[in-house]
Amino acid sequence: MADERSDANEPAIPGKPGSETPTVAEPTEPHEPLPPKPSHRGPVPHTATGARSRDSQKAAAQQGALLTTATGVPLRETDHSLKAGPRGPVLLQDHHLREKIMHFDHERIPERVVHARGAAAHGVFTSNGAASALTRAAFLAEGATTPVFTRFSTVLGSRGSADTVRDTRGFAVKFYTAEGNYDLVGNNIPVFFIQDAIKFPDVIHAGKPHPDVEIPQAQSAHDTFWDFVSLHTEGQHHAIWNMSDRGIPRSYRMMEGFGVHTFRLVNEADETTLVKFHWKPRLGVHSLTWEEAQLAAGVDPDFHRRDLADAIASGAYPEWDLGVQVFPDSADQMFEGIDLLDSTKLVPEELAPVQVIGTMVLNANPNNYFAETEQVAFHAGHFVPGIDATDDPLLQGRLFSYLDTQLTRLGGPNFNQIPINRPHAPVNDMLRDGFHQDADHTGVAPYKPNSLDGGCPFMAGEDVSAFIDVPHPVEASRKVREAPATYDDHFSQARLFYLSLSEVEQAHVAQSYTFELGKCYEPAIRERQAPAAREHRPRPLRGRRRRSRHACPRSGR
């Protein structure tokens, strides 16, 4: 019956709320739940231990035509509580009331401390094989296709904030590879505010609303942010990117993504290379002006998430090329005088061109925002064979922190068993029990070595491309709380970025600083930031300006 009434054959219409056109009168004929809209789908069905499920995606959806309790008992009434007479007190024995209210009271989980405001989509990544000489990662072999789930976000705002605020954007991609999940968790700006993860709580506390009055929301135009940045000047490079047009993207579909850190790749011959990852949008990089952003926030606070969802529903699937900048894995991990372990620095593309290694297409919206976009759990340490971390102290801290975050947000250690997080590769991890354990483990010996389970699970042999912690040499040293001297330059790359901008873009930067500092109440903070800007103010270039493809906000590819 549902198929007879379905509008599945009609053209996709962005913004249409359901898959069927409703009738004026309330429907009364029972029927199975309607299918999702053609532009939507859920996670590819896999079991809690990574096996491909024979179930369809419909198997995870609501079932049956009748209202039931959570245990499947049919209900005939949900408008009135069980009472002692029509005007009597509500009875404690009303299980349906208790269950319904209990579940409603717990519908929300703690929002992300950062990146709370997000939008996401399903898609596929296709490798062109250009990275095969650099890494043994199977999903980067020529012609390999890999399902992905990509989440875009703002950093500072809460879930209820507007999309078009001036802020850094998150750009996180989960690759469901045949060798396990790989997460590339980055931003739309190639550098970060800090060089060491121990400062991350400080920069976020400074950028978040003031703790006494919880304002301002989703913005850096206030005293605590500029107090921190003007005192901790390693944040000046990222700050000028945020003050540029890059701080307000036109669309998630027109936004670059960066892995920020330098990563180490290892190939089949155990040779290593250092790389930085880039996502290049095929629509080019475009931004909103400040005035456009303000209008959009007032007219449609959901401007970016609506744009993404409507584009996919219309069949205008957004695409990005994934590329790498490649550097020798030298002992000092430097390139052209730039410290590759300093996340506040970038390598201009004139010095190291971006080599395209594959393309991502986002082709389906989530079936359910909470189940997928809100519960997806990324982790910078989710590597696959052929990709490994470097000694970047910001990256090292991220490798530690993400597990703590998921443990709190998602209610226990089994968050990887939530359908959107489930790997598409077999899982035999010997991890047991805990909140929300969805797997039904067999065997009696979840430890190594064992004989009671016949020795299972076994270690990966040479016939399997197992993950290798690259045996990179560590220089003899001593324990210190210090940074190398190469981390001390906080202004030269900010200057290079400014010089790469057009005159109009430079004017926008000046207007951004004027507005932001104008929102600071304390004159000392404005004075502290402004002299720093005057002291390091770039001189105008004479003649033709040399534009950096890496730094210019309008350079798409």
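**Exercise 1.** Is Asp 300 buried or exposed, and at what relative accessibility?

*Solution.* The model is a predicted one, in which local features need pLDDT of at least 70 and side-chain atom pairs count only at pLDDT 80 or more, while totals for chains, interfaces and linings use all residues. Residues are numbered from 1 along each chain as its sequence is written, and side-chain values use heavy atoms, with hydrogens and water left out. Begin with the cut-offs: buried means under 20% relative accessible area, exposed means over 50%, and partly exposed lies in between, with a 1.4 Å probe and protein chains only. Asp 300 has a relative accessibility of 15%, so Asp 300 counts as buried.

**Exercise 2.** Describe the salt bridge of Asp 300, and then find the network to which Asp 300 belongs.

*Solution.* A salt bridge is a side-chain nitrogen of Lys or Arg within 4 Å of a carboxyl oxygen of Asp or Glu. The partner of Asp 300 is Arg 306, and the closest N and O atoms of the two are 2.7 Å apart. Arg 306, with a relative accessible area of 40%, is partly exposed. Through shared partners, salt bridges join Arg 117, Asp 163, Asp 300, Asp 302 and Arg 306 into one network.

Next, turn to another pair of this network: the side chains of Asp 302 and Arg 117 meet in a salt bridge of 2.6 Å, N to O. Asp 302 lies in the loop between helix H6 (290-299) and helix H7 (303-313), whereas Arg 117 lies in the loop between helix H2 (95-105) and strand E2 (118-127), so the pair ties together parts that are 185 residues apart in sequence. The helices (H or I, at least four residues) and strands (E, at least two) named here are DSSP runs, numbered from the N terminus. Asp 302 counts as partly exposed at 26% relative accessibility, while Arg 117 counts as buried at 4%.

**Exercise 3.** For the salt bridge between Asp 183 and Lys 174, give the N to O distance and state how accessible each partner is.

*Solution.* The two side chains meet at 3.0 Å, N to O. Asp 183 has 3% relative accessibility and counts as buried, and Lys 174, at 0%, counts as buried too. The structure holds 20 salt bridges.

**Exercise 4.** Locate His 278, and work out what surrounds its strand.

*Solution.* His 278 belongs to strand E8, which covers residues 272-281. With a relative accessible area of 1%, His 278 is buried. Its side chain is joined to that of Gln 325 by a polar contact of 2.9 Å; such a contact is a pair of N or O atoms within 3.5 Å, where, within protein, one must be able to donate a hydrogen and the other to accept it, and residues adjacent in sequence count only if both atoms are side-chain atoms. Nine of the ten residues of E8 are buried, so the strand is largely enclosed by the rest of the structure.

Now take the neighbouring strands in turn, where two strands pair if DSSP finds at least two bridges between them. Strand E6 (residues 257-258) is joined to E8 by two bridges and runs antiparallel to E8, with Phe 258 standing opposite His 278. Strand E7 (residues 263-266) pairs with E8 in the antiparallel sense over four bridges, and Arg 264 stands opposite Leu 274 in E8. E7 and E8 form a hairpin with five residues between them, and Asp 270 in the turn has a positive phi of about 65°. Finally, nine bridges join E8 to the antiparallel strand E9 (residues 319-328), in which Leu 322 is the bridge partner of Trp 279.

**Exercise 5.** Which residues of helix H11 are buried, and how are they placed around its axis?

*Solution.* The buried residues of H11 are Glu 505, Gln 506, Val 509, Ser 512, Tyr 513, Glu 516 and Leu 517. They cover an arc of only 115° around the axis, which puts them on the same side of H11; the arc is that of the directions from the helix axis to the C-beta atoms. On the face turned away from this buried side are the exposed residues Glu 503, Val 504, Thr 514 and Gly 518.
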